[in-house]
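Trainee: I am new to this structure and would like a close look at a single part of it, the second largest cavity. Please take that part first and then connect it to the rest.

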Amino acid sequence: MADGAAPVLDVQGLNTVFRTRGGEVHAVNSVSFHLNSGELLGVVGESGSGKSVTMMSLIGLLPSPPADVRAGTVMLGNRDLLKISADELRDVRGAKIGFVFQDPMTSLNPVFTVGNQIMEPLIRHMGMTKKQAAVRAAELLSLVGIPDAAARLKSYPHQFSGGMRQRVMIAIALACDPDVLIADEPTTALDVTIQAQILELIKDLRQKLGMAIVWITHDLGVIAGIADRVMVMYGGQVVEQAPVRELFANPQHPYTRALLKTIPSLTGAREARLSVIEGQPPILAGAPTSCPFHARCAHVNNRCRTENPQRRAIDGRPLGRGHDVACHWTPGDTHA
Amino acid sequence: MLDATPKAQTPLVQVRGLKMYFPIYSGLLRRHTGDVKAVDGISFDIMAGETLGLVGESGCGKSTVGRALLRLYEITGGKVVINGIDVASLGPEDLRRARPQMQMVFQDPQASLNPRMSLADIIGEPLDEHTDWDKPKKLARIYELMDAVGLNRRFANRFPHEFSGGQRQRIGIARALALNPRFIVCDEPIAALDVSIQAQVVNLLEDLQEKFGLTYLFISHDLSMVRHIADRVAVMYLGRIAELSPRDALYARPLHPYAEALLSAVPEPDPTLAQSRQRIILQGDVPSPANPPQGCNFCTRCPRAFEMCRQVEPELLQVEPGRFVACHLFPDTKAAGSTGGTEAKEHKQQGVSQ
């Protein structure tokens, strides 16, 4: 990844707030990240950490109200997606940014054929005729590894298995040759052997098509296998960001460190007892005034309770380019 | 064998040739035209105090096994002996009397708790049903259970929606413990929870097992977690057991090609290892249990299938001490010595093709 090249997607200081009857929920707090061309950025976090909301905010998929994307810039090329009109944004969605959702069962329309649903973006965004679109749709289906593609275009979603449906979703997302593919837990609903198939497919497609991918997941194992760079989210914020090997070899944030320890290994030594992150994830009411992890952190001190830590680079490289962490504590530091 | 610890000697649960078919009715007259063979003749033992892991992909019948063991279904055939009683053939009144010793923890803590009942009512319901205790005695027991699973006593009058997923699962566990059961079926108890909460619940289950001498059937698709909690592991595929082995032996060297592929498909949280590891990518999907393939049910996806696999159904046989595999790649070596308290011939699967 060349540091000098302009990123495909550059997000700065994104804030998303949900207005609920119980008050404001700050689901995304000043999240910044960029995506280089051809890169796969893994976004890891638990449910409620803001990883999906962040990505949905980028392309205006959150209903407003209750959602309110308050601040930030989302630069795709030289356009700020938060400033352009709804019509322009519709042209971006599907054409420039493809989206694959978690549940292939509910994200396909059951009353239209699969072919119909793959052709829709082709006709809408690429101005193809129905005939051209049908040819291209068949190509896409074979690209994602569905045999007998031309015939399967006439099938309905219920005639496909879960893994096959996710392949169809990927075909739709790739239809207009997008610059960026956002995949939101695309393998979470699938069995491990099917997940392995989809991961292979993605690796293969990256080589063929070279698009940049944001891969959202809670599974650190999946991330380890496919990501170039990883962003760890907790409580609506980015708490750590690093190249994948660096993150697994040298985790800095207490949350990342604890998270890596709670997963039992399949091949390593078997521990008598799993280490645990005590407590519950935070409720994100009101603007953050403390570190979101302070109540569960093993290294908490007074500063953590009164001041939300900013991201800081730990390897001297510009923020976001190397390894950075949002934490007041440094490993080796005992907080006397 | 060396790992035959004192606790793993007498089988508490003996399952022989368990079959669970769900009928398919079709046509204008809704005639019985076939069966979904969710569980198709499986046999295994669970020793007292042991945790047997039951793993497999969705639709392989692992949850059905769990439910059939507790007779939440009327089973199609076979024997389920729990603590000396054949649960499969009990009449309704006897079954009710047998229920306290076998309980279940469900996958979805949201759906398995009645939203209109307070926590004390939920945990106390088994006591209402099976004891004639007075109120103070019940309440004392409810508090005792809440302490055991780490729920604050102040929560007794709250309702399920006020709790997080992990806490709800604790409520479900407390309810399962209420009648001092000996055997608990844990049906994907951690699947709906976040990674950081999963470890809390698994540690709790292990503590309770030690404290109360419980025997678990731990059903899960999470192979790393099963490696952590189980003593022995059964791998299911399409309604049958492909391999049943002691934990360490299975994870170190899976024998059945399906077990091997399944283990190799689990992503390891280690980028260096992920690049060097050879993965076995299985082609295709799991066939429908309404129409399983001829011969070995894995032959359509097996990378090592040969002619015999497509014709003859393999039996689950002991191929190494304590290790049972249903695969033609392993020659019949029944004489390999018997441990685990069971005879190899008792583990034969009952073929439907006969």
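Mentor: In this predicted model, the second largest cavity is lined by B:His256, B:Pro257, B:Cys296, B:Phe298, B:Cys299, B:Cys302, B:Ala305, B:Cys309, B:Ala326, B:Cys327 and B:His328. Its volume is about 70 Å³. By class, nine of the lining residues are nonpolar and two are polar, with no charged residue in the lining.

Two of these names return in the largest cavity. B:Cys296 and B:Ala326, which line the second largest cavity, are also among the residues nearest the centre of the largest cavity, together with B:Arg240, B:Ile241 and B:Asn297. The largest cavity has a volume of about 80 Å³, and twelve residues line it. Strand E10 of chain B, residues 240-246, gives the most to that lining, with three residues. The lining of the largest cavity divides into six nonpolar, four polar and two charged residues, whereas the lining of the second largest cavity has no charged residues. Over the whole structure, a search finds six cavities of 30 Å³ or more.

The pockets come next. The largest pocket has a volume of about 1200 Å³. Its lining counts 50 residues, and those nearest its centre are A:His218, B:Ala191, B:Leu193, B:Gln198 and B:His221. The elements that give two or more residues to this lining are, in chain A, helix H7 (192-209) and helix H8 (220-226), and in chain B, helix H1 (62-69), helix H5 (165-177), helix H6 (195-212) and helix H7 (223-229). By class, the lining of the largest pocket holds 21 nonpolar, 20 polar and nine charged residues.

Two of the helices in that lining, H5(B) and H6(B), also pack against each other, at an angle of about 20° and with their axes 10 Å apart. That angle makes H5(B) roughly parallel to H6(B). The crossing of H5(B) past H6(B) is right-handed. On the H5(B) side, the contact is made by B:Gly166, B:Gln169, B:Arg170, B:Ile173 and B:Leu177. These meet B:Ile197, B:Gln200, B:Val201, B:Leu204, B:Leu205, B:Leu208 and B:Phe212 of H6(B). The residues of this contact are eight nonpolar, three polar and one charged.

H5(B) has another partner in helix H4 of chain B, residues 135-149: the two pack at an angle of about 130°, with their axes 9 Å apart. H4(B) and H5(B) are therefore oblique to each other. Here too the crossing is right-handed, with H4(B) passing H5(B). H4(B) contributes B:Arg141, B:Leu145 and B:Val149 to the contact, and H5(B) contributes B:Arg170, B:Ile173, B:Ala174 and B:Leu177. By class, this contact has five nonpolar, no polar and two charged residues. B:Arg170, B:Ile173 and B:Leu177 of H5(B) thus appear in the contact with H6(B) and in the contact with H4(B).

The second largest pocket holds about 630 Å³ of space. It is lined by 21 residues, of which A:Gly94, A:Phe101, A:Glu120, A:Pro121 and A:Ile172 are the closest to its centre. Strand E6 (97-100), helix H3 (114-126) and helix H6 (162-174) of chain A are the elements that each give two or more residues to the lining. The largest share comes from H3(A), with six residues. Ten residues of this lining are nonpolar, seven are polar and four are charged.

Chain A also has some backbone details to look for. The peptide bond from A:Ser64 to A:Pro65 is cis, with omega near -10°. A cis peptide bond also joins A:Pro65 and A:Pro66, with omega about 10°. A:Pro65 lies in the loop between helix H1 (51-58) and strand E4 (67-76) of chain A, and the place of A:Pro66 is in the loop between H1 and E4 as well. Further along, A:Glu185 has a positive phi of about 45° although it is not a glycine. A:Glu185 is in the loop between strand E7 (180-184) and H7 of chain A, and H7 of chain A is one of the elements that line the largest pocket.

Conventions
Residues are numbered from 1 along each chain as its sequence is written. Chains are lettered from A and ligands numbered from 1 in the order in which they are written. This is a predicted model: local features need pLDDT of at least 70, side-chain atom pairs count only at pLDDT 80 or more; totals for chains, interfaces and linings use all residues. Side-chain values use heavy atoms; hydrogens and water are left out. On a 1 Å grid over the protein atoms alone, a cavity is a set of points where a 1.4 Å probe fits but cannot get out, and a pocket is an open set with protein on both sides within 12 Å along at least five of seven lines; lining residues have an atom within 4 Å of a point. Grid points are joined across faces, edges and corners, and a volume is the space filled by probe spheres set on the points. Helices (H or I, at least four residues) and strands (E, at least two) are DSSP runs, numbered from the N terminus. Ala, Val, Leu, Ile, Met, Phe, Trp, Tyr, Cys and Pro count as nonpolar, Asp, Glu, Lys and Arg as charged, and the others, Gly among them, as polar. Axes are lines fitted to C-alpha atoms, for helices over the stretch in contact, and angles run from 0 to 180 degrees between N-to-C directions. Angles under 35 degrees count as roughly parallel, over 145 as roughly antiparallel, 65 to 115 as roughly perpendicular and the rest as oblique. A crossing is left-handed if the near helix is turned anticlockwise from the far one by less than a right angle, and right-handed if clockwise. Contact means heavy atoms within 4.5 Å.
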